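Subject: Structure for you to look at

Hello,

Here is the structure I said I would pass on. Please open it first; my notes on what was found follow below.

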Number of protein chains: 4
Amino acid sequence: MIYSNVFLLLKKKYLYEWKQYTQHTFVKKLISNRLLEEKFFNYLKQDYLFLIQFSKAWSLAVIKSDNLKEMKICANTVNGLINFEMDLHIKLCKEYGISNKELFNTEEKNKNIAYSRYVLESGYSGDFLDLITPLIPCVIGYAEIGNNIKNYKPSNLMYKTWIQTYSGEEYQKISKSVGRLFDNAVLNRLGKNFYRTRKWKSIQKKFKTAIILEIDFWEMALE
Amino acid sequence: MIYSNVFLLLKKKYLYEWKQYTQHTFVKKLISNRLLEEKFFNYLKQDYLFLIQFSKAWSLAVIKSDNLKEMKICANTVNGLINFEMDLHIKLCKEYGISNKELFNTEEKNKNIAYSRYVLESGYSGDFLDLITPLIPCVIGYAEIGNNIKNYKPSNLMYKTWIQTYSGEEYQKISKSVGRLFDNAVLNRLGKNFYRTRKWKSIQKKFKTAIILEIDFWEMALE
Amino acid sequence: MIYSNVFLLLKKKYLYEWKQYTQHTFVKKLISNRLLEEKFFNYLKQDYLFLIQFSKAWSLAVIKSDNLKEMKICANTVNGLINFEMDLHIKLCKEYGISNKELFNTEEKNKNIAYSRYVLESGYSGDFLDLITPLIPCVIGYAEIGNNIKNYKPSNLMYKTWIQTYSGEEYQKISKSVGRLFDNAVLNRLGKNFYRTRKWKSIQKKFKTAIILEIDFWEMALE
Amino acid sequence: MIYSNVFLLLKKKYLYEWKQYTQHTFVKKLISNRLLEEKFFNYLKQDYLFLIQFSKAWSLAVIKSDNLKEMKICANTVNGLINFEMDLHIKLCKEYGISNKELFNTEEKNKNIAYSRYVLESGYSGDFLDLITPLIPCVIGYAEIGNNIKNYKPSNLMYKTWIQTYSGEEYQKISKSVGRLFDNAVLNRLGKNFYRTRKWKSIQKKFKTAIILEIDFWEMALE
């Protein structure tokens with residue numbers, strides 16, 4: 001499954017960290033049905049708060065876009081997140097026994113703040129690539145995790161649903177589209193020899209930082 | 001036709017400027033079929049560039065939102081603009097003989113830059129109200145103009161279509177929804193006695209500046 | 001020692017968290033000379049990276065200012081940070097055996113990222129108060145800590161210097177000036193009854209979040 | 001007088017517009033003592049408002065900087081503007097009979113708004129180069145104008161002072177320092193073959209737009 005060529009390069013460079021993230025204990029416990037529900041609820045509630053900031057990051061990407069095509073892809077992502085994913089998330093939480101009140105009053109934990117604000121600030125202070133790069137480990141990481149674990153069938157229906165969501169056709173499609181957006185954004189801005197530019201160094205650094213912040217996001221859920 | 005109560009207050013305060021804007025020679029010539037097509041084409045081409053910045057301003061409003069409800073309204077506006085209005089605009093221009101190439105290569109004129117960048121900068125440097133306030137004269141102004149001139153039937157089909165667009169049900173509905181967003185945003189942030197707050201002074205000033213920049217937008221088309 | 005009246009209100013509301021922060025084990029160990037030098041070096045290196053983001057936050061405050069007086073205070077803070085504090089920090093580190101190379105290549109830890117990016121993003125997405133509020137626990141917190149521990153004289157010269165810096169006249173003066181800036185900014189924007197406004201709620205929340213992120217900053221040093 | 005090599009390239013490409021700007025009627029009238037004082041006062045009052053936004057633009061440049069060296073140069077510029085130039089400007093205006101009250105209540109004209117907000121928005125939405133590029137025609141343009149007209153001695157003391165300010169050693173020095181900052185920023189980010197990158201195209205476009213907005217700034221004073 002190839003989501004993006006530029007992503008592949010970055011993943012290879014930080015393979016150690018990438019595995020720590022995509023093969024995290026949280027995921028291992030989830031697929032083998034050993035994850036305490038309480039930890040999964042932690043995750044779901046923090047993820048709700050993350051989705052809000054994530055939608056804002058994609059809205060910022062509309063502004064940072066260079067052309068109408070980029071604007072469209074980013075705006076569609078915002079639309080999907082705010083009008084579908086958010087509602088689905090709220091609905092699922094309710095089904096699982098997390099009331100709206102509990103969900104909406106969840107306090108954002110530091111490790112959640114760290115990742116989302118890192119992305120947003122990188123976007124505000126930088127350009128389109130500074131914003132998109134640290135989003136990639138999230139978008140494509142979840143797609144890869146979903147694909148890795150698609151054959152696991154934990155008895156806990158919540159975990160099964162989670163696996164189906166991220167391994168499912170729709171999410172895989174979105175991730176490939178974001179991967180293409182990333183590839184094109186890099187090529188259009190930095191050219192074919194992008195890996196020789198100075199910007200590439202800062203892209204690499206931001207990609208790595210984002211992975212490490214994502215690892216902490218799993219840690220947070222298990223705490 | 002009441003679009004927004006807060007807007008009404010602002011309009012009354014700057015009624016002189018408001019009339020200069022909404023009853024501008026450009027509009028008068030258009031409804032009486034005396035507008036040179038060349039001027040209308042000027043307008044259409046600059047308006048295309050404006051729509052891009054306008055979509056970015058609404059994307060910024062998603063980020064500056066305080067709650068999910070505001071985020072949804074702003075995201076829906078972005079979606080409508082980028083996925084429908086932009087395409088419609090391009091299509092109409094083509095029908096009228098403005099090729100895509102000509103449209104996409106149009107140079108943004110200073111008076112166009114002035115308004116859109118004023119709005120965006122006010123949003124970046126300020127809060128939700130600093131961003132929405134200077135957008136109101138545009139959104140509701142066009143609705144009011146449309147409503148004022150809905151019974152005019154210039155023989156030029158381009159002008160007829162323009163009148164129908166802004167007097168039409170869909171645009172009127174959008175404007176009322178933006179008007180409600182504005183009213184609620186002011187009440188939620190500044191309270192019932194908003195007109196006594198210091199923020200109200202800067203809102204008034206920004207509203208007035210936006211009207212004056214809108215007047216220059218018409219002027220630009222006639223130059 | 002009263003740095004700011006608005007700050008006092010906020011401190012009282014979150015006194016439990018405030019004590020966790022200002023009386024943190026890191027500080028207790030430092031004053032009693034029990035802090036491992038290795039932990040202090042951790043702190044110094046991360047603090048260098050923090051100072052860069054901190055200077056950027058104060059630069060953003062210049063842009064978010066409402067008047068020339070606010071602009072001046074913020075610009076002077078930037079100037080002090082970039083032209084004096086940064087150089088002093090680099091010089092001290094060198095004296096303590098942390099080479100420039102080691103200092104400049106330090107990797108920013110997640111708990112460092114969390115606080116600085118929270119502040120910057122809050123500033124970018126919000127107004128002057130959204131930016132200044134989460135800076136207050138840092139600026140005034142260190143002044144209060146300095147004042148609390150001014151009579152301790154650990155034998156380790158590095159720790160003695162640290163105490164002298166934050167309890168010293170110059171830093172105390174800066175903190176009071178920032179405290180006044182905060183008081184005036186709140187009064188000018190929200191009025192005398194600021195504690196009844198909706199904005200006050202979000203100011204409280206941001207103040208609390210900033211304290212909790214500051215606690216994690218000490219934790220990070222001890223890890 | 002060479003202020004910057006990158007600037008020279010840009011100037012050559014837009015020499016026609018550059019001459020319209022640097023040899024504008026406003027300047028010609030000023031050096032030959034034919035400028036109506038009323039027009040000069042227009043200019044001074046608008047320039048005061050511009051200086052505020054200009055200081056904010058340089059503050060934004062601190063945030064958008066890639067390294068400590070860039071941060072220092074930009075912070076020093078902010079410091080010079082806010083703590084010296086602004087005060088000097090206010091003092092000069094007073095000497096010339098423009099009271100503080102009149103100065104502080106000046107309404108920002110559209111052509112003033114257009115340039116400053118274009119720069120700020122370009123900076124917010126883009127990176128360091130997107131911000132610095134449209135500032136260059138202002139900073140170096142005035143230095144070049146000053147140098148061009150340094151031997152003119154209009155009898156009106158206000159005009160003489162104006163010529164001395166921009167042809168004077170201090171302003172020339174600042175401009176060269178900003179020119180070097182620009183050269184280094186381009187080389188560090190885009191490499192030696194910067195003129196072959198895609199970014200160079202957008203830099204050129206922004207430089208040209210800024211010149212055209214500067215021309216309108218003179219026009220505004222003469223209106």
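Chain A falls on chain B after a rotation of 180° with 0.0 Å of shift along the axis, at an RMSD of 0.0 Å. The two copies are thus related as by a two-fold rotation axis. Please keep in mind that this is a predicted model. The residue of chain A that comes closest to the rotation axis is A:Ser59, whose C-alpha is 2.6 Å away. Both copies use the same surface, since 100% of the contact residues of chain A recur in chain B.

The contact between these two chains is made by 15 residues from chain A and 15 residues from chain B. On the chain A side, two helices each supply at least two residues: H4, residues 37-64, and H5, residues 68-95. H5(A) has the largest share, with 9 residues. By class, the side of chain A that touches chain B holds 9 nonpolar, 4 polar and 2 charged residues.

Next, the contact with chain C. Here 11 residues of chain A meet 11 residues of chain C. The elements of chain A that give two or more residues to this side are H7 (110-125) and H12. H7(A) gives the most, with 8 residues. The side of chain A that touches chain C divides into 7 nonpolar, 1 polar and 3 charged residues.

Chain A can also be laid on chain C, by a turn of 180° and a shift of 0.0 Å along the axis, with an RMSD of 0.0 Å. In chain A, the C-alpha nearest that axis belongs to A:Ala114, at 1.9 Å. Again the same surface serves both copies: 100% of the contact residues of chain A recur in chain C.

Within chain A, I looked at how some of the helices pack. How do H4(A) and H12(A) cross? Their axes come within 7 Å and cross at roughly 130°, H12 being residues 198-222. That angle makes H4(A) oblique to H12(A). From H4(A), the residues A:Lys39, A:Asn42, A:Tyr43 and A:Gln46 meet A:Met220, A:Ala221 and A:Leu222 of H12(A). This contact has 4 nonpolar, 2 polar and 1 charged residues.

H12(A) is also a partner of H1(A), residues 5-13. In H1(A), the residues A:Val6, A:Phe7, A:Leu10 and A:Lys11 are buried. Seen down the axis of H1(A), the buried residues fall within an arc of 135°, so they line one face of the helix. They pack against H2 (15-22), H9 (136-148), H11 (169-190) and H12 of chain A.

One loop residue is worth a look as well. Where is A:Gly126? A:Gly126 lies in the loop between H7 and H8 (128-132) of chain A. Is A:Gly126 buried or exposed? A:Gly126 has 20 C-beta neighbours inside 10 Å and so counts as buried. Leaving aside neighbours within four places in sequence, A:Gly126 is in contact with A:Leu131 and, from another chain, D:Asp127. The C-alpha atoms of A:Gly126 and A:Lys64 are separated by 9.0 Å, and these two residues are 62 residues apart along the chain.

Regards

How values were computed
Residues numbered from 1 in each chain as written. Chains lettered and ligands numbered in written order. Predicted model: local features only at pLDDT ≥ 70, side-chain atom pairs only at ≥ 80, totals over all residues. Contact = placed C-beta atoms within 7 Å. Helix = DSSP H or I, 4+ residues; strand = E, 2+ residues; numbered from the N terminus. Nonpolar A, V, L, I, M, F, W, Y, C, P; charged D, E, K, R; others polar. Least-squares fit on C-alpha atoms with pLDDT ≥ 70 in both. Axes fitted to C-alpha atoms, helices over the stretch in contact; angles between N-to-C directions. Parallel < 35°, antiparallel > 145°, perpendicular 65-115°, else oblique. Buried ≥ 20, exposed ≤ 12 C-beta atoms within 10 Å, placed from the backbone. Arc of directions from axis to C-beta.
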